[in-house]
Amino acid sequence: MNAAVPSTASKGRACPGCGSFRNSHFADERLDQQKVSEFTYASRKQPEFMCLKLVCCSDCDLVFAPQPPDNSFLSDAYADAAYDSVEEASCAARSYARALQAPLRNLVSRSAAVDVGAGSGPLLPWLKRSGFREVIGIEPSRQAIAAASPEVLPWLREGMFSAVALENTPLALICSFMTLEHLRDPGQFARTAFDLLEQDGMVAVVVHNRSGFLNRMLGMKSPIIDVEHLQLFNPQSITVLLKGAGFEDIQVKAISNAYPLRYWLRLMPLPRTLKRGVAYVLERTGLAKLRVALRVGNIIATGRKTRKELK
């Protein structure tokens with residue numbers, strides 16, 4: 001990516017979670033255009049510790065950028081983003097599959113499942129094995145799609161999530177894992193998902209919990225404070241978002257993620273020289289590939305499009 005990240009100096013939008021204009025200062029803009037690269041809008045990257053101006057909604061507690069980049073900039077940025085996280089994406093997919101097992105037990109239909117922000121598609125085979133007749137991955141990054149296995153590639157569609165992309169497809173499940181933070185209008189995503197789902201269909205989203213212990217402890221050094229995160233959720237704000245779209249029976253739970261130690265090290269706010277030293281030791285001792293499950297402040301939220309009683 002070569003384009004500079006747009007500055008966000010003006011007052012801007014209402015809360016994308018509840019529509020309120022009542023908010024308070026959360027963080028000043030921190031942009032260094034010299035740090036912008038093809039990895040700035042890539043998944044599971046090295047933290048850059050940059051962010052847009054952020055405010056906190058006084059009504060639903062959502063932290064958000066009041067003046068995010070427009071959709072054309074975001075679409076191009078994610079389409080052109082680099083992708084070098086096949087191993088980490090596979091680890092994440094296993095964590096998301098574990099988190100989905102319990103909610104899916106009560107899902108009657110197995111018509112079709114969609115994974116929005118599917119990356120190279122590691123979750124799609126698990127969804128297929130779970131009984132869905134059709135599985136679809138929506139992914140804007142061309143490099144991520146290019147990294148997909150031959151099995152998964154036919155299930156991936158390049159582009160952004162939209163109703164047009166999925167019209168005339170009966171959908172029982174729409175997933176979005178670590179994607180809502182990146183959308184200019186997460187409320188529109190939730191409303192579109194509600195409209196597309198069959199009756200009794202389910203939405204399942206995984207987001208960072210900004211109110212989690214580790215994120216509160218790290219503060220502005222938390223990796224979730226990032227230029228590509230246009231909003232940061234917690235249990236209250238993600239519930240408000242899904243309820244506002246019409247979903248009911250909303251459940252929010254903390255989840256664990258299992259990644260290799262080398263990835264956890266990448267996220268730590270340590271001096272670069274110290275990181276290099278620790279990384280060297282991990283690689284030499286063979287510990288770099290050791291997968292460790294941690295609860296670092298991620299939550300899964302599910303909601304149902306409940307059946308309406310006929311009168």
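The dialogue below goes through some labels given to residues in this predicted model.

Trainee: Let's start with His208. Why is His208 called buried?

Mentor: The relative accessibility of His208 is 17%. Buried means under 20%, so His208 counts as buried.

Trainee: Where does His208 lie, and which residues is it in contact with?

Mentor: His208 lies in strand β8, residues 197–208. Leaving aside neighbours within four places in sequence, His208 is in contact with Met178, Glu181, Ile224, His229, Phe233, Gly297 and Asn298. Contact here means heavy atoms within 4.5 Å.

Trainee: And how far apart are His208 and Ile299, in sequence and in space?

Mentor: They are 91 residues apart in sequence, while their C-alpha atoms are 6.3 Å apart.

Trainee: On to charges. What makes Asp59 and Arg22 a salt bridge?

Mentor: Their closest N and O atoms are 2.8 Å apart. The cut-off is 4 Å between a side-chain nitrogen of Lys or Arg and a carboxyl oxygen of Asp or Glu, so the pair of Asp59 and Arg22 qualifies as a salt bridge. Asp59 lies in the loop between β2 and β3 and Arg22 in the segment before β1, so the pair ties together parts that are 37 residues apart in sequence.

Trainee: Why is Arg22 called exposed but Asp59 partly exposed?

Mentor: Exposed means over 50% relative accessible area, buried under 20%, and partly exposed in between. Arg22 has 52%, so it is exposed. Asp59 has 39%, so it counts as partly exposed.

Trainee: How do you know that Arg191 and Asp185 form a salt bridge?

Mentor: The closest N and O atoms of Arg191 and Asp185 are 3.9 Å apart. The limit is 4 Å, so this pair counts as a salt bridge too. Both residues are partly exposed, Arg191 at 38% and Asp185 at 36%.

Trainee: What makes Glu283 and Arg262 a salt bridge?

Mentor: Their N to O distance is 3.0 Å, and the rule asks for a distance within 4 Å, so the label holds. Glu283 lies in helix α9 and Arg262 in helix α8 (residues 261–267), so this pair ties together parts that are 21 residues apart in sequence.

Trainee: How many salt bridges does the count come to?

Mentor: It comes to 10 salt bridges. Asp80, Arg142 and Glu158 are linked in a network of them.

Trainee: What about patches? How do you know that Leu274 is open enough to the surface to belong to one?

Mentor: A patch residue needs over 30% relative accessible area. Leu274, in helix α9, is at 44%, so it passes that cut-off. Together with Met268, Leu270 and Val278, Leu274 makes a nonpolar surface patch of about 300 Å².

Trainee: And which residues gather in the patch of positive charge?

Mentor: Arg30, Lys35, Lys221, Arg272 and Arg276 do. Lys35 is found in the loop between β1 (23–27) and β2 (54–57). Its relative accessible area of 42% is over the 30% that a patch asks for.

Trainee: Last one, backbone angles. What makes Asp61 and Asp249 worth listing?

Mentor: Each has a positive phi without being a glycine: about 75° for Asp61 and near 50° for Asp249. Asp61 is in the loop between β2 and β3 (63–64), whereas Asp249 is in strand β10, residues 248–260. With relative accessible areas of 24% for Asp61 and 44% for Asp249, both count as partly exposed.

Terms used
Residues numbered from 1 in each chain as written. Predicted model: local features only at pLDDT ≥ 70, side-chain atom pairs only at ≥ 80, totals over all residues. Heavy atoms only, no water. Patch = residues over 30% accessible without salt bridge, like charges linked within 9 Å, V, L, I, M, F, W, Y side chains within 5 Å. Areas by Shrake-Rupley, 256 points an atom, 1.4 Å probe, with all protein chains shown as cover. Lys, Arg positive; Asp, Glu negative; His and termini not counted. Charge placed at Lys NZ, Arg CZ, Asp CG, Glu CD. Helix = DSSP H or I, 4+ residues; strand = E, 2+ residues; numbered from the N terminus. Buried < 20%, exposed > 50% of the residue type's maximum accessible area, 1.4 Å probe, protein only.
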